Amino acid sequence: MSERPVIGFLTDFGLDGAAAICRGVMLSIARDAQIVDISHTVAKYAIPDGAYLLASAVPWLPIGVHVAVVDPGVGTDRRPIGLLTARGDVLIGPDNGLLLPAAGRLGGVIAARLLANREWFLPATSATFHGRDIFAPVAAHLAIGESFGDVGPAVDQPSLVRLDVPSAKVENGRLDTGVTYVDSFGNVRLAGGAAELVAALGPIELCAEIIVATDPVASGSPATGSPATGSSAPAARATWQRTFGEATTGDLLVYEDSSGNLAIAVSNGDAARRLRVSTGARISIRRG
Amino acid sequence: MSERPVIGFLTDFGLDGAAAICRGVMLSIARDAQIVDISHTVAKYAIPDGAYLLASAVPWLPIGVHVAVVDPGVGTDRRPIGLLTARGDVLIGPDNGLLLPAAGRLGGVIAARLLANREWFLPATSATFHGRDIFAPVAAHLAIGESFGDVGPAVDQPSLVRLDVPSAKVENGRLDTGVTYVDSFGNVRLAGGAAELVAALGPIELCAEIIVATDPVASGSPATGSPATGSSAPAARATWQRTFGEATTGDLLVYEDSSGNLAIAVSNGDAARRLRVSTGARISIRRG
Amino acid sequence: MSERPVIGFLTDFGLDGAAAICRGVMLSIARDAQIVDISHTVAKYAIPDGAYLLASAVPWLPIGVHVAVVDPGVGTDRRPIGLLTARGDVLIGPDNGLLLPAAGRLGGVIAARLLANREWFLPATSATFHGRDIFAPVAAHLAIGESFGDVGPAVDQPSLVRLDVPSAKVENGRLDTGVTYVDSFGNVRLAGGAAELVAALGPIELCAEIIVATDPVASGSPATGSPATGSSAPAARATWQRTFGEATTGDLLVYEDSSGNLAIAVSNGDAARRLRVSTGARISIRRG
């Protein structure tokens, strides 16, 4: 580790002090740490959103220890874990699927361990704030150069909890995909990239139709029906564009986002509100 | 002070630049300061909320200078003060009750002084932005090692403004308490701890009834009536739990929070919204 | 540059990770940079708001490189630019008017250059995230001491895009002015200062009338009519005060803000909500 170790930090704690308490704990142990706040406004308990944001951010951070806490199961028997990645980062957080997509973006998991070294925890461990009592101090101990092997016993990688991440499927000239995230602009990020779109629609068309199946959040249950037969929304017309400013203000556009994945935007507007979708919704795109 | 002095920083300035201006002022004087933002989204003018958050956070920060500004009286004759605490921290802010609870968590006040050394202020002092003109630069001067004795004349501790902090009272098998804070999850933090609950209800019961008296904010005036006779809300049923995930999703639970105080949550939900309470509301808990 | 170069950073990216990705990119190049987040919650695409906040903040930051990204035209032919200022700062961002007011507060532009040195960009440049791919890495290269002359070719200063900034006009005992910004307290910041108000009203009166012309945002089009003849709102009564706490809670006050400009507040309240105005609205003040 360098003299100023980097600690990436993501939670759903909000902005009212819980993240600062963890920062204080980390700085008390690793006084020279450079804490990089990734986000603390992840939707409450939204593990898929947290996993998406963590995976999006960590490849751009210097190699370091990254702590992520979106943890509805805090204090239950869900495991606290650390993942050593091929790039050399360590990811620290709950074993609920939050960390694995980020590990994938960092070359994959080299070793997984249970956080069990109580000497690195705070002396008193509460049932409701493992961010402060376990994750932050363990990360700080690693940041000052202590050994990953000392965090606790090895965990079988197949036993790690995995999220059900949306995927893209090409069928009958249609791309069926899912919403991986809605960003703060209201841009709707999708599984799959331009290659899948071309496979579905042929050479990318200037016009496409977007069909939204039932939104799992809006409807209160996971969408299961085929988007093609869903009756939930009329098709919306969109054009393929390189960037927002190439569409007319207010128009829907499909574009390849800065991670190389498909996304839907409204030029100078909010596509998620227009389409009424959130993370996990199913969307189909066909020739318009 | 260490080579990288810590400055904790809490305001109700929001996220649109006023806090950054203060950070700029501090870094211009104390270039190596490690500023730890505690929160800048304290509800506007909400001194009790700011005091709660500051007191919650500073014990976990490294020893340092901590600046807090929730200051509806800026520019009036309310005093700007500094408090030296037993732990060795200095708290800087307005004399409106904001700092004293934090000082209590740091071992108490050793010395209180008026901020009156104009050489440490910015050259021009506005009437509306003492965060920038007085509090930030004074904190930065202390952070670079200048002496607390030089901030200004001593202030009589009994003259310091104190908040009326909610307390817990056990009576007739009932715990009467008050809401000290509602966190960003909607968890309702209360005065008193598990011991008080046991004193009121006997061995902690699996079921409790929660009765909300008039909410001072909702009703526009401080609650004065006894919760037991309040007609404002029906009793809500809750169970005692160690942590959120042990209750059924959507159920109310009473738990001991990570500071050792009582709190009410909804598993994967928002208890403050459910109970319609905010800081200062009075709540009773009895056997359910 | 000092050993810990300062990078000011302002965007409309929100709080969900895009700003953190840029921070990661900057720290990967300039590991010791002290990044000062100015704001990331600028209203989406609101170049005037971003320009106001950047100009308000940078004079208080240590001399450094300051990156600002409010960039609805990202990926189109709008130019990426750098401005060297008289104070010694460099401003980095899109050529859409965002940077020039800040440059004015830093002594003016000494040299303007196109960002065209692809060796300083990230290897792959997306069409939608120049914050990450161009602005952040260029700023970091400057922060580690590389030469401003190497960012790219000179740009003619008259060709730089300029915003239409509201101004104040005194006429017939009336001050006609415009809303430059609404801060997070709801305080309405105006063009012009106390001198202009005195010129319009004579010795500052205890009472004034505030007349709001059509709000461009509320009405969906720029206000064009004269406020004096506007029928959009009745006059609101306000008093002149030094600071918020000198007015009765809930009353409107006109004051000189901490930048020396006029502003309207509600004591312990939200003036923008009361007056229903946002950035760009036209407001008249006359004797009440």
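Chain B and chain A bury about 2500 Å² between them, with carbon and sulfur atoms giving 55% of that area. The figure comes from a predicted model, as does everything below. On the chain B side, B:W60, B:F185 and B:S258 do a good part of the work: they supply 26% of the area that chain B buries against chain A, more than any other three residues. Counted by contacts, 35 residues of chain B touch 29 residues of chain A.

What holds charge and polarity across this interface? Salt bridges don't come into it, since the rule finds zero of them between chain B and chain A. Polar contacts do: 15 residue pairs make them across the interface of chain B and chain A, both partners being at pLDDT 80 or more. As for where the touching residues sit, strand 2 (34–39), helix 2 (47–57), strand 8 (174–182) and strand 12 of chain B each put in at least two. Strand 2 of chain B gives the most, with five residues. Sorted by class, the side of chain B that touches chain A comes out at 17 nonpolar, eleven polar and seven charged residues.Turning to chain A and chain C, 34 residues of chain A are in contact with 29 residues of chain C. About 2500 Å² is buried between chain A and chain C, and carbon and sulfur atoms account for 55% of it. Within chain A, the residues that lose the most area to chain C are A:W60, A:F185 and A:S258, together 26% of what that side buries. Here too the rule turns up zero salt bridges across the interface of chain A and chain C, while 16 residue pairs are in polar contact, both at pLDDT 80 or more.

The side of chain A that touches chain C draws two or more residues from each of strand 2 (34–39), helix 2 (47–57), strand 8 (174–182) and strand 12 (252–256) of chain A. Strand 2 of chain A has the largest share, five residues. By class, this side of chain A has 16 nonpolar, eleven polar and seven charged residues.

Helix 2 of chain A, one of the elements on that side, is mostly covered, with ten of its eleven residues buried. Among the buried residues are A:I47, A:D49, A:Y52, A:L53 and A:L54. A:G50 and A:S56 are on the buried list of helix 2 as well, along with A:A51, A:A55 and A:A57.

Over all chains, the structure holds twelve aromatic pairs. One of them joins A:F244 and A:Y255, which meet edge-to-face at 5.0 Å centre to centre, with 75° between the planes. A:F244 sits in the loop between strand 11 (236–240) and strand 12 of chain A, and A:Y255 is in strand 12 of chain A, so the pair ties together parts eleven residues apart in sequence. Both partners are out of the way: A:F244 is buried at a relative accessible area of 15%, and A:Y255 counts as buried at 1% relative accessibility.

Chain B has a pair of its own, B:F244 and B:Y255: the ring centres lie 5.0 Å apart and the planes are at 75°, so this pair is edge-to-face. B:F244 is in the loop between strand 11 (236–240) and strand 12 (252–256) of chain B, with B:Y255 in strand 12 of chain B, so parts eleven residues apart in sequence are tied together. B:F244 counts as buried at 17% relative accessibility, and B:Y255 does so at 1%.

Key: Residues numbered from 1 in each chain as written. Chains lettered and ligands numbered in written order. Predicted model: local features only at pLDDT ≥ 70, side-chain atom pairs only at ≥ 80, totals over all residues. Heavy atoms only, no water. Contact = heavy atoms within 4.5 Å. Buried area = accessible area lost by both parts, 1.4 Å probe. Salt bridge = Lys/Arg side-chain N within 4 Å of Asp/Glu carboxyl O. Polar contact = N/O pair within 3.5 Å; in protein donor to acceptor, adjacent residues only side chain to side chain. Helix = DSSP H or I, 4+ residues; strand = E, 2+ residues; numbered from the N terminus. Nonpolar A, V, L, I, M, F, W, Y, C, P; charged D, E, K, R; others polar. Buried < 20%, exposed > 50% of the residue type's maximum accessible area, 1.4 Å probe, protein only. Phe/Tyr/Trp six-rings, centres within 6.5 Å; stacked < 30°, edge-to-face > 60°.
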